[in-house]
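Thank you all for making time for this. I would like to walk you through one structure, beginning with the overall picture and then stopping at a handful of places along the chain.

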Amino acid sequence: MSNMINLNSIIFNGVDVTKIDVQVQLSAGFAKPEFNIIGLADRAVKESAERIRNALAALNISLPAKKLTVNLSPADIEKTGSHFDLPILCGILCAMEILPESELGKYVIIGEIGLDGAIVRTGGVLPASVWANNNNLGIICPGAQGAEARWAGHTNILAPNHILDLINHFNGSQILPVPQMIQYSESENKIGDLSEVHGQESAKRALEIAAAGGHAMLMIGPPGSGKTMLASRLPTIMPEMTVNEVLETSIIYSIAGKLDGGSLISNRPFRGVHHTASPVALAGGGSDAKPGEISLAHNGVLFLDELPEFSRATLEILRQPMESGKIVISRAKRNAVYPAHFQLIAAMNPCPCGHLGNAALSCSRAPRCAEAYQNKISGPLLDRIDLHVDVDAVNPWEMQSNDDKPVETSAQVRERVVAARKRQLTRQGCVNALLDGADMDKYIVLSDELTAFLNDAAQKMGMSARGYNRVKRLARTIADLRRDDNISMSDLAEALSYRSINRGKYGVKR
Ligand SMILES: Nc1ncnc2c1ncn2[C@@H]1O[C@H](COP(=O)(O)OP(=O)(O)OP(=O)(O)O)[C@@H](O)[C@H]1O
Ligand SMILES: [Mg+2]
């Protein structure tokens with residue numbers, strides 16, 4: 001006679017959760033213990049058997065001389081990851097009547113097992129806990145991640161540090177407490193303030209417009225002018241994250257295994273990506289299907305420093321998510337979708353040596369080397385960047401602080417950004433950069449005079465249809481910062497001034 005145990009676990013596809021039944025069966029009639037895991041399991045899952053054998057040995061539990069079969073169902077979904085260790089081990093202990101199946105069946109179980117029986121951290125505890133709560137189940141997860149599970153808004157959580165803790169809990173000798181929530185502490189995530197950047201008034205203005213309307217921005221200028229410094233301050237002038245945004249972003253970090261310390265991501269993320277990053281690192285995917293940098297920047301800022309140094313293949317990845325706010329990763333069996341709604345900010349020197357236009361410092365190859373350098377960035381990508389801004393070297397006298405002219409803090413700029421965003425959300429439900437199609441015609445209205453002006457400029461600048469619409473969106477944001485329902489000529493002129501990389505001080509012909 002055999003008795004099949006059935007426990008609940010889950011698997012992720014992008015941020016979507018699918019329930020997996022972990023079925024364990026002991027069948028009699030074998031002289032030696034045998035252990036098989038079936039159900040389209042990958043290598044990490046197959047290695048489970050080895051970890052579990054060791055953990056059982058550490059507990060002084062020997063497998064009965066029976067055939068032990070573990071089936072992960074449904075069998076047509078590929079199972080990846082090591083988080084099936086704990087549900088499989090629990091299933092075995094249920095089959096041996098060491099744990100009560102009737103109780104364990106009320107939980108979603110995830111966790112990796114160490115060789116000594118310790119329950120080790122695993123990715124995805126937060127979305128697993130959210131899913132469990134929505135499906136009237138509790139969650140059993142690693143002890144270190146109990147606080148993370150709490151953020152799903154329920155207390156039906158068991159977070160043992162060791163498999164013995166779980167056994168003791170169910171035999172009543174040591175009840176596991178409900179894990180404590182860990183509040184985010186302000187000091188842990190200190191980034192600089194905009195007031196620390198001296199001078200650069202026009203770049204700061206562009207940064208404010210970018211934050212207000214969700215527009216992508218490219219800064220171009222010589223080394224040491226403060227481009228990286230400006231970019232890193234962008235999150236400090238964006239609105240505080242909403243509760244929903246905090247949860248969305250934290251779920252991505254949880255799946256990536258990057259939600260440390262049990263608190264959520266409550267400051268807008270800033271992801272600076274190095275130009276040697278591979279397309280997979282940026283987009284996500286790979287053998288373990290983890291979210292990439294553009295998804296870790298979801299609801300925050302993606303910073304690409306030294307833009308022309310990135311490979312074309314890497315940059316082209318950005319085109320689709322910049323318009324749709326998500327990335328679709330093709331996988332062998334199913335596509336995975338990760339949210340990727342980020343604010344792009346990029347920086348570059350005008351040429352490889354960085355000093356184009358500076359008679360004292362530039363090299364003898366100017367301006368040809370600058371042309372080759374800047375043309376490494378593809379037209380379609382540049383077309384998606386609304387704000388192109390020259391960032392000149394700061395004058396020495398601007399570097400001294402001046403008490404007569406107080407510099408604005410991030411908090412002061414953020415107030416204007418928040419007001420401008422509120423106008424956009426009430427009017428149309430999204431930021432201006434995401435307005436599209438009929439909504440765009442409905443909400444961005446230019447007078448006849450302004451239309452004629454823009455048409456003329458577009459023709460002279462050889463602007464694409466996309467570029468044309470982007471200027472309109474930018475002008476709308478500039479008017480929103482003025483708290484005006486009507487776009488003025490100066491709004492439109494300012495928007496046009498940010499349009500073209502090849503007309504600025506450092507720009508070259510394309
Ligand atoms: N406008 C500024 N105000 C205050 N400090 C500045 C400014 N510009 C540069 N600095 C100082 O110079 C350092 C380098 O600036 P930053 O890294 O932002 O330059 P960059 O434009 O990114 O240069 P690169 O092109 O070499 O990457 C900063 O850490 C800061 O100390
Ligand atoms: Mg820099």
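**A walk through the model**

Let me begin at a single point on the surface, since A332, at 80% relative accessibility, counts as exposed. This residue A332 sits in the loop that runs between β15, residues 326-329, and β16, residues 336-339. Its C-alpha atom is separated by 9.6 Å from that of E78, although A332 and E78 are 254 residues apart along the chain.

I should say straight away that what you are looking at is a predicted model. Taken as a whole, the protein contains 23 helices and 18 strands, and its C-alpha trace spans about 85 × 50 × 45 Å along the principal axes. Of its 510 residues, 51% count as buried. If we take the contacts with a separation of 6 or more, 72% of them are accounted for by residues 24 or more positions apart.

Now to the interior, and to helix α5, which covers residues 125-134 and is mostly covered, with seven of its ten residues buried. Those buried residues are V125, L126, P127, A128, S129, W131 and A132. What do the buried residues of α5 pack against? Their partners are the strands β1 (4-13), β2 (16-27), β5 (107-109) and β8 (138-140), together with the helices α6 (146-150) and α11 (243-255). Just after α5, the chain reaches N136, which takes a positive phi of about 55 degrees.

Helix α11 deserves a closer look, and S250 is found in it. With a relative accessibility of 0%, S250 counts as buried. Once we leave aside its neighbours within four places in sequence, S250 is in contact with L126, L259, L264 and I265, and L126 is one of the buried residues of α5 that I have just listed.

Following the chain onward, we come to N267, which is placed in the loop between α11 and β11. N267 is partly exposed, with a relative accessible area of 23%. In space N267 is 6.7 Å from M241, C-alpha to C-alpha, while the two are 26 residues apart in sequence.

The strand β11 itself, residues 270-273, holds R271. Is R271 buried or exposed? It is buried, with a relative accessible area of 19%, which falls under the 20% cut-off that defines a buried residue. The side chain of R271 is joined to that of E293 by a polar contact of 2.7 Å. Setting aside neighbours within four places in sequence, R271 is in contact with Y253, K258, E293, L296, A297, V301, L302 and F303.

Let me turn next to some backbone features. As general background, most residues other than glycine have a negative phi, and most peptide bonds are trans. Against that background, S73 and P74 are joined by a cis peptide bond, with omega about 5 degrees, and P74 lies in the loop between β4 (67-73) and α3 (85-95). E306 has a positive phi, near 55 degrees, in a residue other than glycine. This E306 is found in the loop between β14 (301-304) and α14 (312-316), and it is partly exposed, with a relative accessible area of 28%.

Finally, I would like to look at three helices towards the end of the chain. The axes of α21 (residues 448-461) and α22 (residues 465-481) come within 11 Å and cross at roughly 135 degrees, and that makes α21 oblique to α22. The crossing of this pair, α21 and α22, is right-handed. On the α21 side the contact involves T451, L454, N455 and A458, and these meet Y468, V471 and K472 in α22. Sorted by character, the residues of this contact divide into four nonpolar, two polar and one charged.

How do α22 and the next helix, α23, pack, and what is the angle? The angle between α22 and α23 (residues 489-497) is about 125 degrees, with their axes 8 Å apart, and the two are therefore oblique to each other. Here, too, α22 passes α23 in a right-handed crossing. The contact is made by V471, L474, A475, I478 and A479 of α22 and by D491, L492, E494, A495 and L496 of α23; these residues divide into eight nonpolar, no polar and two charged. In the loop between α22 and α23 we find R483, which has a positive phi near 60 degrees and, at 54% relative accessibility, counts as exposed.

How values were computed
Residues are numbered from 1 along each chain as its sequence is written. Chains are lettered from A and ligands numbered from 1 in the order in which they are written. This is a predicted model: local features need pLDDT of at least 70, side-chain atom pairs count only at pLDDT 80 or more; totals for chains, interfaces and linings use all residues. Side-chain values use heavy atoms; hydrogens and water are left out. Axes are lines fitted to C-alpha atoms, for helices over the stretch in contact, and angles run from 0 to 180 degrees between N-to-C directions. Helices (H or I, at least four residues) and strands (E, at least two) are DSSP runs, numbered from the N terminus. Angles under 35 degrees count as roughly parallel, over 145 as roughly antiparallel, 65 to 115 as roughly perpendicular and the rest as oblique. A crossing is left-handed if the near helix is turned anticlockwise from the far one by less than a right angle, and right-handed if clockwise. Contact means heavy atoms within 4.5 Å. Ala, Val, Leu, Ile, Met, Phe, Trp, Tyr, Cys and Pro count as nonpolar, Asp, Glu, Lys and Arg as charged, and the others, Gly among them, as polar. Buried means under 20% relative accessible area, exposed over 50%, partly exposed in between (1.4 Å probe, protein chains only). A polar contact is a pair of N or O atoms within 3.5 Å; within protein, one must be able to donate a hydrogen and the other to accept it, and residues adjacent in sequence count only if both atoms are side-chain atoms.
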